[in-house]
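Colleague: Hi! Could you walk me through a structure today? I'm new to this, so plain words please.

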Amino acid sequence: MESIVALATPPGVSGLAVIRISGDDAIEIASKHYLGKSDLLEVPTHTIHYGKFVNNNQTIDTVTFNIFRAPNSYTGENVVEISCHGGIIIYKEIIKAIINSGARQAKAGEFTQRAFLNGKMDLLQAEAVADLIHSVSVISEQVSARQLQGNITKKIKQFKSELIEIAGLLELELDFSDEEIEFIKLSQVKEKIQKLIDYLANIINSYTSSVILQNGYSVAIIGFPNSGKSTLFNKLLSKDRAIVSEIAGTTRDYLEEFIYLNNIPIKIIDTAGMRETTDIIEIEGIKLVNSVIKQSNLILVLNDASISLHNSDNLIQSLKQDYPKHEIVVLQNKIDKIEKEDKEEITSSRGEEQLFISAKTNYNISKLLDLIDQKATSSITRINDLMVNERQLQLMEQISSDLQNAIESVEMQNTNELIAVDIRAAIRKLGELTGDIYNQEILNQVFSKFCIGK
């Protein structure tokens with residue numbers, strides 16, 4: 001297979017840069033630019049060789065050449081990794097020279113795609129590589145690392161093997177229908193299929209947790225202008241990120257920043273104030289609020305308690321109606337402006353979950369962070385050994401549907417042939433899940449999410 005090359009470390013100035021070459025001619029191409037004590041064409045696999053990278057009799061840098069011979073490499077092909085100084089000009093010149101010597105620029109995820117095609121990993125493991133690269137939390141990194149080890153693939157392939165055996169026995173009985181020989185009891189068929197359905201259901205239910213660990217637990221701050229949203233946003237971040245002003249409509253767009261609570265990434269979003277306005281830019285900012293809310297896990301409705309405890313009631317009811325599945329917490333802000341004799345009324349005035357704060361004086365901000373921490377932590381309790389993505393979710397739901405149809409066929413006393421049809425459909429989709437069955441469209445979908453060089 002033709003050799004490919006790419007920068008394997010992040011672009012930019014750094015102490016070191018690593019350039020990866022993979023393909024049948026990788027070592028031969030690299031040897032054209034190596035000036036050192038060894039002959040790279042003869043050196044054993046998994047060895048490091050110090051020398052100079054030269055091109056047209058000019059020394060570009062002093063480097064090391066790391067040699068990995070097929071099939072004992074990441075891609076299963078001959079691989080050379082060149083470690084050079086991390087100057088932008090240096091690694092660009094090296095890559096240009098390698099391309100001129102016969103390699104081509106690698107596409108996004110092409111190294112890992114070749115590893116998959118060469119049997120070094122299955123599709124679930126390949127997706128775990130992308131998840132590892134893009135991990136934004138310790139927990140997601142740990143789950144992705146377990147997935148990369150292939151344990152979940154072993155379980156799925158075990159279930160697939162059992163289904164193949166069940167379908168085979170059911171179909172075999174058709175050849176002996178006249179003799180009424182039973183190779184497998186239908187009660188056993190139901191029991192084994194139900195085990196897989198239950199296993200998949202547990203993974204499917206962890207999808208929301210997976211999304212949160214991959215993208216962060218999203219908290220949207222919603223409210224009317226001058227309710228203190230930007231002040232609260234800055235307090236939660238412990239820095240001045242948003243402009244705070246008495247002028248209504250200061251936040252035209254939305255701002256988002258991450259904080260970490262117990263190793264969980266929390267995305268805090270400051271949105272434009274909700275109000276009637278003729279300002280075109282502000283109108284567009286308010287429109288964006290709806291898209292932010294849809295993607296949020298928690299909505300904090302910030303009410304200006306100094307105006308009225310019920311000032312945001314209509315907004316709250318509207319949010320409950322439009323987003324019935326979203327969790328909403330009401331924050332009664334500017335509590336520092338409430339007279340002492342009014343506070344007794346405040347503590348029992350509402351039914352929904354709420355917290356009384358002062359973003360200006362920091363009153364109960366620590367309690368708010370604890371509340372967010374608690375809700376974020378409870379949202380990832382379903383996570384297991386797979387970071388479920390959309391492709392996997394859709395396939396698992398389809399597999400569960402096929403298996404449920406098979407159980408219903410058993411209960412309706414349908415023929416073995418009809419029962420086996422649904423089981424075979426589930427088997428094919430299990431193959432798509434692990435990558436035993438694939439097409440180029442599936443590969444493009446998976447590996448387009450990778451960075452170039454991985």
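Colleague: Let's start inside. By class, how many nonpolar, polar and charged residues does the lining of the largest cavity have?

Modeller: Happy to help! One thing to keep in mind is that this is a predicted model. The lining of the largest cavity has five nonpolar and two charged residues, and no polar ones.

Colleague: Which residues line the largest cavity?

Modeller: The lining is made by F159, E162, L163, I166, K192, I193 and L196. E162 and K192 are the two charged residues among them.

Colleague: And which helices supply at least two residues each of that lining?

Modeller: Those are α6, which covers 151-175, and α7, which covers 186-204. α6 gives the most, with four residues.

Colleague: How much space lies in the largest cavity?

Modeller: About 30 Å³. The structure holds one cavity of 30 Å³ or more.

Colleague: How would anyone find empty space in a model?

Modeller: You roll a probe the size of a water molecule over the atoms, and that shows where empty space is left.

Colleague: Nice. I clicked on L403 next. Where is it placed?

Modeller: L403 sits in helix α14, residues 390-411.

Colleague: Is L403 buried or exposed?

Modeller: L403 counts as buried because its relative accessibility is 0%, and the cut-off for buried is under 20%.

Colleague: Which residues is L403 in contact with, leaving aside neighbours within four places in sequence?

Modeller: L403 is in contact with L163, I193, L196, I197 and A426. You have met L163, I193 and L196 already, in the lining of the largest cavity. As another landmark, I419 is 16 residues from L403 in sequence, and their C-alpha atoms are 9.2 Å apart in space.

Colleague: Now for pockets. What volume does the second largest pocket have?

Modeller: Its volume is about 350 Å³. The second largest pocket is lined by 14 residues, and D131, Q214, N215, N389 and K449 are the ones that lie nearest its centre.

Colleague: Which element gives the largest share of that lining?

Modeller: That would be α8, with four residues. Both α4 (123-133) and α8 (207-215) supply at least two residues to the lining of the second largest pocket.

Colleague: And what is that pocket's lining like by class?

Modeller: The lining of the second largest pocket has six nonpolar, four polar and four charged residues.

Colleague: Changing topic: S22. Where is it, and is it buried or exposed?

Modeller: S22 is in strand β2, residues 14-22. S22 is buried, since its relative accessible area is 0%.

Colleague: Which side chains does the side chain of S22 make polar contacts with?

Modeller: There are contacts to T75 and to E77. The side chains of S22 and T75 make a polar contact at 2.8 Å, and a polar contact of 2.6 Å joins the side chains of S22 and E77. Beyond its neighbours within four places in sequence, S22 is in contact with residues including E2, I4, V79, F111 and R114.

Colleague: What about odd backbone geometry? What is usual?

Modeller: Most residues other than glycine have a negative phi, and most peptide bonds are trans. Here, the peptide bond from A70 to P71 is cis, with omega near 0 degrees. P71 lies in the loop between β5 (58-68) and β6 (79-86).

Colleague: And which residues have a positive phi without being glycine?

Modeller: N226 is one, with phi near 65 degrees, and N364 is another, with phi of about 65 degrees. N226 is in the loop between β8 (217-223) and α9 (229-237), while N364 is in the loop between β13 (354-356) and α13 (365-379).

Colleague: Are those two buried or exposed?

Modeller: N226 is partly exposed because its relative accessible area is 30%. N364 is buried, as its relative accessible area is 15%.

Colleague: Last one: what does the whole chain look like in numbers?

Modeller: The chain has 16 helices and 13 strands. Of its 454 residues, 48% count as buried. The accessible surface comes to about 22500 Å², and 49% of that belongs to carbon and sulfur atoms. Among contacts between residues at least 6 apart in sequence, 65% join residues at least 24 apart.

Colleague: Thanks, that gives me plenty to look at!

Methods. Residues numbered from 1 in each chain as written. Predicted model: local features only at pLDDT ≥ 70, side-chain atom pairs only at ≥ 80, totals over all residues. Heavy atoms only, no water. 1 Å grid on protein atoms, 1.4 Å probe; cavity = no way out; pocket = protein on both sides within 12 Å on 5 of 7 lines; lining within 4 Å. Points joined across faces, edges and corners; volume = space filled by probe spheres on them. Nonpolar A, V, L, I, M, F, W, Y, C, P; charged D, E, K, R; others polar. Buried < 20%, exposed > 50% of the residue type's maximum accessible area, 1.4 Å probe, protein only. Polar contact = N/O pair within 3.5 Å; in protein donor to acceptor, adjacent residues only side chain to side chain. Contact = heavy atoms within 4.5 Å. Areas by Shrake-Rupley, 256 points an atom, 1.4 Å probe, with all protein chains shown as cover.
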